[in-house]
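User: I should like to learn how to read individual features of a protein model. Could we work through some cases together?

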Amino acid sequence: MRLVPRCAQAVLLSGFLGATAAVAGAEGQDKPNPAPSASPSPAPPPTTAEEGNPAAAATAGRGGSGHLLWEGEGGSVFLLNRAQVRWTDEVPDAPFQLPGTAGPGVSKGTFRIRRAKTELTGWVYRRELTYELQLSWAGPEPGASTTSPLEDFILNWDASKNGRFQVAVGQFKVPLGRQELTSSNKQEFADRDLLSGEFSRGRDIGVQLWGLLGKGKVEYRAGIFNGNAASRLENDNDKYQYNLRLMFQPFGDAKYSESDFESKDKPLLAIAGEFESNDLHHATNADDLDTRIFGLDGVFKYKGVFLFAEYFWRHRTPEVAPAFDSNGFHAQAGFFLVRDRLEVAGRYAAYDPSSLLPGNNRKETGGVVNYYLNKHNLKLQADFRRLEDDSRNQKSKELRVQTQLVF
């Protein structure tokens, strides 16, 4: 795959720690207004860093409308659960043999609980100070700890009280990659493709400044993180990871959600650019990498049509070995045969891990049929994909059937 020239480094924002000090001072302000004596209208829980756009304030948590457990003068608690049960049939090419099979080319089927998560969201002390706690019961997601069920803990302060300037602290997904930022329960396929895990690594601990400007048309995010895997007790070295993402959506909230359930009488469009810098030199005894990533993505939704594309370019400088580049892209298109019920989609993903090694591209081609009983909250998915690894001269096929329930 052709590589683009190296881009100039982006100018990153500073002053994160001073902004977070204001969050700590929220408790010392005047007492919150008491709830009315009549049945209160629950405040919408926070939209999280993974979910994406805070303009979708009516959505409780990542999966849909959560259950209000409690709301009083000092805060609220919403509960949301979600689960994915999957059957996968792996079919290797004839020369290759899967573990536990009788010989080369023999397929193997597996039942698995792919995800089972519990999410608690709400506000505390003041409605502009919100939180999220998410736990995973079926194993860690990329970037999360293998020893702790904790995936996300976010304390978010809307300092502007209108979504324009917010400060998020805690553990959550860094702002890189639209497909990665889109919740796993709002994917058009049974899971993300092979590109997402290569360039975006998921969660980390840090601080993020973010918000919506221009009546929700512009979303910005700028963050500083440890630069290592989530749930670590300390930073791996004396440097940090920096992220910057800027998105423009001229026709309204395009939401971080695949498939088109949102567009009504007008199209929805979102275009974003992003940058990541993570210097891991001296983090281990190995030849650690100093990485720069630039990305572009776009999404279009209209009358049941969903179009998505994303491109990454990366430059890596090891401590000893020669520097190298890599790039990758994926594209996805879906259409409702029956509006909000029956959908078909296809996608293609490919990347080159290193410009120093010829013939090592990796590719994914696939299609999916979805039947939605209650949008993403209750759906049945069946997708088929072909995976190719040129460096190993290996090809394989995979059939996945999955049902998802959000409750």
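User: Let us begin with a single residue. In which strand is Glu219 found?

Analyst: Glu219 is found in strand S8, which covers residues 218–225. Please bear in mind that this is a predicted model.

User: Is Glu219 buried or exposed?

Analyst: Burial is judged from relative accessible area, and a residue under 20% counts as buried. Glu219 counts as buried because its relative accessibility is 1%.

User: Which side chains form polar contacts with that of Glu219?

Analyst: A polar contact is read from the distance between N or O atoms, with a limit of 3.5 Å. The side chain of Glu219 is joined to that of Arg221 by a polar contact of 3.0 Å. Another polar contact, of 2.9 Å, links the side chains of Glu219 and Tyr256.

User: I should like to turn to Ser76. Where is Ser76 placed, and is Ser76 buried or exposed?

Analyst: Ser76 lies in strand S2, residues 75–92. With a relative accessible area of 2%, Ser76 is buried.

User: Which residues does Ser76 touch, leaving aside those up to four places away in sequence?

Analyst: Contact is taken here as heavy atoms within 4.5 Å. On that reading Ser76 touches Trp70, Glu71, Thr121, Gly122, Trp123 and Tyr131. A C-alpha distance gives another view: Ser76 and Leu120 are 9.8 Å apart in space, although 44 residues separate them in sequence.

User: How does one describe such separation for the chain as a whole?

Analyst: One takes contacts between residues at least 6 apart in sequence and asks what share joins residues at least 24 apart; in this chain the share is 61%. The chain has 407 residues, of which 51% count as buried. Its secondary structure comprises three helices and 17 strands.

User: Next, the surface. Which residues make the nonpolar surface patch of about 730 Å²?

Analyst: Such a patch gathers nonpolar side chains whose residues have over 30% relative accessible area. In this case Tyr371, Leu373, Leu378, Leu380, Phe384, Leu399, Val401, Leu405 and Phe407 make the patch. Strands S16 (378–389) and S17 (394–406) each supply at least two of its residues.

User: Where is Leu373 found, and how accessible is Leu373?

Analyst: Leu373 is found in the loop between strand S15 (362–372) and S16. Because its relative accessible area is 45%, Leu373 is classed as partly exposed. For the entire chain, the accessible surface is about 18,100 Å², and 61% of that surface belongs to carbon and sulfur atoms.

Notes:
Residues are numbered from 1 along each chain as its sequence is written. This is a predicted model: local features need pLDDT of at least 70, side-chain atom pairs count only at pLDDT 80 or more; totals for chains, interfaces and linings use all residues. Side-chain values use heavy atoms; hydrogens and water are left out. Patches are made of residues with over 30% relative accessible area and no salt bridge: like charges are joined within 9 Å, nonpolar side chains (Val, Leu, Ile, Met, Phe, Trp, Tyr) within 5 Å. Accessible areas come from the Shrake-Rupley method with a 1.4 Å probe; for residues, only the protein chains shown count as cover. A salt bridge is a side-chain nitrogen of Lys or Arg within 4 Å of a carboxyl oxygen of Asp or Glu. Helices (H or I, at least four residues) and strands (E, at least two) are DSSP runs, numbered from the N terminus. Buried means under 20% relative accessible area, exposed over 50%, partly exposed in between (1.4 Å probe, protein chains only). A polar contact is a pair of N or O atoms within 3.5 Å; within protein, one must be able to donate a hydrogen and the other to accept it, and residues adjacent in sequence count only if both atoms are side-chain atoms.
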